[in-house]
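Biologist: Please pick one part of this model and go through it closely. Then follow the chain outward from that part to its surroundings.

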Amino acid sequence: MKKISRSSNSKLLKMAEFFPESFRLDLKDERNAFFELCKEEQIWICKPSCSNQGRGIFLLKNPAAANTLQAKLQSSEEHLLNKRVPYKAPQARIVQRYIHQPLLLEGKKFDVRSYLLIACTAPYVLFFAQGYVRLTCVNYDATSDDLTVHLTNQHMQKKNSLYSQLKDETVWRMEHFNSYVNEKFRKTSGLPKDWVFTVFTKRMQQIMLQCFLAAKHKLARKLGYFDLIGCDFLIDENFKVWLLEMNANPALHTDCKVLEDVIPTIVYESL
């Protein structure tokens, strides 16, 4: 990012302004730094890279859970060394500080899936598309051990017994979200009118562009190459916008009424 800030006049965000504190467990220095840090009672979310649908995600809720994970990583490392097989790094995972005071919609945790289309790589052409809001089936409780309380994606929500009767309530259109914020939070939080389509949207675009600029030197470039990336954002109770992750293989299922409308439009417009 330093290279970019030198070559462009655009004001860059510091990572801490939009990305929760994170460590890569496949890098020894970062792994050690994390285990040094998590001696207190706080929640971290541990997730594999190159996966989707919430697979392999778990919460570390206390130092004991972190110690168990540390021991597991050490024993698998030692096992590989003892077998004298060529060293194979543990599966790439990150641990990310859990944002335990998210903004809630009707008591439920939510995040926002929006889209970045890299339409062309020679030259680079980028587009932004609004997506939809993903809510949990049940009310938020930071202490809950039920992952469907913490992870909002549809694949995870299907594991909740209430999903079949609530599935159309687990996805909101952005227009519905905007109206809700205008009605419930605008006055009490001093937000401008249509905060969702103005301040929030601009912030998502700013974060997406910065992430693209940081990674573009790693992208394969060829006329005809394009990619649709699903970007997940969380808003905390202070209306601060956090990037959770960017997905190179975003789900394009149409599991409920809102998705039946939003997803085909995204696919059609991308093509």
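**Helix α9 and its surroundings**

Modeller: Helix α9 has a set of buried residues: Val-196, Phe-200, Thr-201, Met-204, Ile-207, Met-208, Gln-210, Cys-211 and Phe-212. The model is predicted, and what follows is computed from it. In an α-helix, residues three or four places apart point the same way, because there are 3.6 residues a turn. Val-196, Phe-200, Met-204 and Met-208 are among the buried residues of α9. The helix runs over residues 196-215. For its 20 residues, 1.5 Å a residue gives an expected span of 28 Å, and the end C-alpha atoms lie 27 Å apart, so the two figures agree.

The buried residues of α9 pack against strands β6, β7, β9 and β10 and against helix α7.

Take the helix neighbour to begin with. Helix α7 covers residues 174-184, and its axis comes within 10 Å of that of α9, crossing at roughly 115 degrees. The two helices are therefore roughly perpendicular to each other. On the α7 side the contact is made by Met-174, Glu-175, Phe-177, Asn-178 and Val-181, and on the α9 side by Val-196, Phe-197 and Phe-200. Six of the residues in this contact are nonpolar, one is polar and one is charged. Val-196 and Phe-200 thus appear twice, because they belong to the contact with α7 and are also on the buried list of α9, where buried means under 20% relative accessible area.

Next come two of the strands, β6 (108-121) and β7 (124-135). They form a hairpin with two residues between them, and they pair in the antiparallel sense over ten bridges. Within that pairing, Phe-110 stands opposite Leu-135 of β7. Pro-123 is found in the loop that joins the two strands, and the peptide bond leading into it from Ala-122 is cis, with omega near 0 degrees. Most peptide bonds are trans. Strand β7 also pairs with β8 (residues 171-173), again in the antiparallel sense, over three bridges. There, Tyr-132 of β7 is opposite Arg-173.

Just ahead of β6, the loop from β5 (104-105) holds Glu-106. Phi of Glu-106 is near 50 degrees, a positive value in a residue other than glycine. With a relative accessible area of 51%, Glu-106 counts as exposed, because the cut-off for that class is over 50%.

The other two strands packed against by α9 are β9 (227-235) and β10 (241-247). The loop between β9 and β10 contains Phe-239, whose phi is near 65 degrees and thus also positive in a residue other than glycine. Most residues other than glycine have a negative phi. Phe-239 has a relative accessible area of 11% and is buried, whereas Glu-106 is exposed.

As for the chain as a whole, it has ten helices and ten strands. Of its 271 residues, 43% count as buried. Among contacts between residues at least 6 apart in sequence, 64% join residues at least 24 apart.

Note on methods. Residues numbered from 1 in each chain as written. Predicted model: local features only at pLDDT ≥ 70, side-chain atom pairs only at ≥ 80, totals over all residues. Heavy atoms only, no water. Axes fitted to C-alpha atoms, helices over the stretch in contact; angles between N-to-C directions. Helix = DSSP H or I, 4+ residues; strand = E, 2+ residues; numbered from the N terminus. Parallel < 35°, antiparallel > 145°, perpendicular 65-115°, else oblique. Contact = heavy atoms within 4.5 Å. Nonpolar A, V, L, I, M, F, W, Y, C, P; charged D, E, K, R; others polar. Expected span 1.5 Å × (residues − 1). Buried < 20%, exposed > 50% of the residue type's maximum accessible area, 1.4 Å probe, protein only. Pairing = 2+ DSSP bridges.
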